[in-house]
Amino acid sequence: MEEHHNPGIPLIFTDATKVWKANGLLTPKWFRENYPQKESDVIDKLTGKHYTMTEVMDLVENSSFEKPAPYPLTFNITKEIPEMMNLLSPLNLNYAKPNWLEDKLFQRGNWGGVTELFVGGPGGRFPYVHKDYYHLSAWINQLYGDKQFTVFPRGQEEFLYVTEKNQWRSPVNIFEPDYNLHPKFKHATPITFTVTAGETLYIPFGVWHSAYSLTPTISVAFDQLNAKNFPLFMSDVWTFKNEESGKPKAIAAYGYAMASGAVCKVKDKLASAK
Ligand SMILES: O=C(O)CCC(=O)C(=O)O
Ligand SMILES: [Fe+2]
């Protein structure tokens, strides 16, 4: 926690996914054979339809650095491919604990408790540097191919031109920075590294990051919430709900989340007392 979580320095677990049946199993071929028609979250701008798994795999296997496939191409595993969850068990890898998003109380609220499949091709860049909504911590499990990540340790918001308006996304194009427009970006000290099949990347909550697919890649990402990020999470619940649905709904959601957090906190205490 002191060396990685607190300063916002990412951590790679080299073999945590060995407990998952999915480890070594998930390949483009496997998805083509098992779920050819599953629909991606992403819409093909030409046809107006969601890309199917077959189309996604065609896109990433034909992607190149000169002409990259759209990135990210995602699938909501929790909702669209729930039968895959048994290949990802225990979801927490026995490391991402405690995780209140695994509790039924938080699975109702749609507060980021989804397990997502990310598919990419060579040259595919996450469109912006960002921090994750609701201040959740992210666990990104690379199961096929190589993906490069860029992470900014805590305290570099100024160099990323984070403002009230750009609270979640930086306007800086970190891949091709324009130093005339963003001169302070010169002072940023990003950490750039590659995560390969079988490895798990932990990005602590509130830490700014982006991704760059180097080969056809498949990863499974899930989020983590517990007592550490709960206060920031609650503040986001209020802000997002208030903006989205107004004060009465925000009060209800806030109350529900607060009570759920209190229950999870007690459950943590009981579990650690065992
Ligand atoms: O492309 C990736 O693997 C990173 C995705 C990410 O940072 C996100 O969805 O918040
Ligand atoms: Fe993210």
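## Loop between H3 and H4

A residue is buried when its relative accessible area is under 20%, exposed when it is over 50%, and partly exposed in between (1.4 Å probe, protein chains only). Leu-93 meets the first condition: its relative accessible area is 2%, so Leu-93 is buried. The model is predicted, so local features need pLDDT of at least 70 and side-chain atom pairs count only at pLDDT 80 or more, while totals for chains, interfaces and linings use all residues; side-chain values use heavy atoms, without hydrogens and water. Residues are numbered from 1 along each chain as its sequence is written, with chains lettered from A and ligands numbered from 1 in the order in which they are written.

Leu-93 sits in the loop between H3 and H4; helices (H or I, at least four residues) and strands (E, at least two) are DSSP runs numbered from the N terminus. Helix H3 covers 77-80 and helix H4 covers 104-107. Leu-93 is not a glycine, yet its phi is positive, at about 60°. The loop also holds Asn-94, which at 45% relative accessibility counts as partly exposed. Asn-94 is 78 residues from Ala-16 in sequence, but the two C-alpha atoms are 8.2 Å apart in space. Pro-90 belongs to the loop between H3 and H4 too, and the peptide bond that leads to it from Ser-89 is cis, with omega near -5°.

## Other backbone features

A cis peptide bond also runs from Tyr-71 to Pro-72, where omega is near -5°. Pro-72 lies in the loop that separates helix H2 (53-61) from strand E4 (73-76).

Tyr-134 has a positive phi near 65°, although this residue is something other than glycine. Its place is the loop between E5 and E6. With a relative accessibility of 14%, Tyr-134 counts as buried.

## Strand E6 and its partners

Strand E6 spans residues 137-144 and is mostly covered, with 7 of its 8 residues buried. Two strands pair if DSSP finds at least two bridges between them. E6 runs antiparallel to strand E11 (residues 217-224), and 7 bridges join them. In this pairing Ser-137 faces Gln-224 of E11.

Strand E9 (residues 200-203) is also paired with E6, in the antiparallel sense, over 4 bridges. Here Ala-138 of E6 has Ile-203 of E9 as its bridge partner. E6 thus has pairings with both E11 and E9.

## From E6 to E7

Gly-145 is in the loop between E6 and E7. This glycine has a relative accessible area of 17%, so it is buried. Along the sequence, 73 residues separate Gly-145 from Ile-218, while in space their C-alpha atoms are 6.7 Å apart.

Strand E7 is largely enclosed by the rest of the structure, because 5 of its 6 residues are buried. E7 pairs in the antiparallel sense with strand E8 (residues 191-195), over 5 bridges. A second antiparallel pairing joins E7 to E10 over 6 bridges. Gln-148 takes part in both pairings: Thr-194 stands opposite it in E8, and Tyr-212 is its bridge partner in E10.

## Helix H5

Helix H5 consists of residues 230-245. The expected span of a helix is 1.5 Å times one less than its number of residues. For the 16 residues of H5 this gives 22 Å, and the end C-alpha atoms are 22 Å apart, so the two values agree.

Which residues of H5 are buried? They are Phe-230, Phe-233, Met-234, Asp-236, Val-237 and Phe-240. These residues lie on the same side of H5, because they cover an arc of only 160° around the axis; the arc is that of the directions from the helix axis to the C-beta atoms. Pro-231 and Glu-243 are exposed residues on the face of H5 turned away from its buried side.
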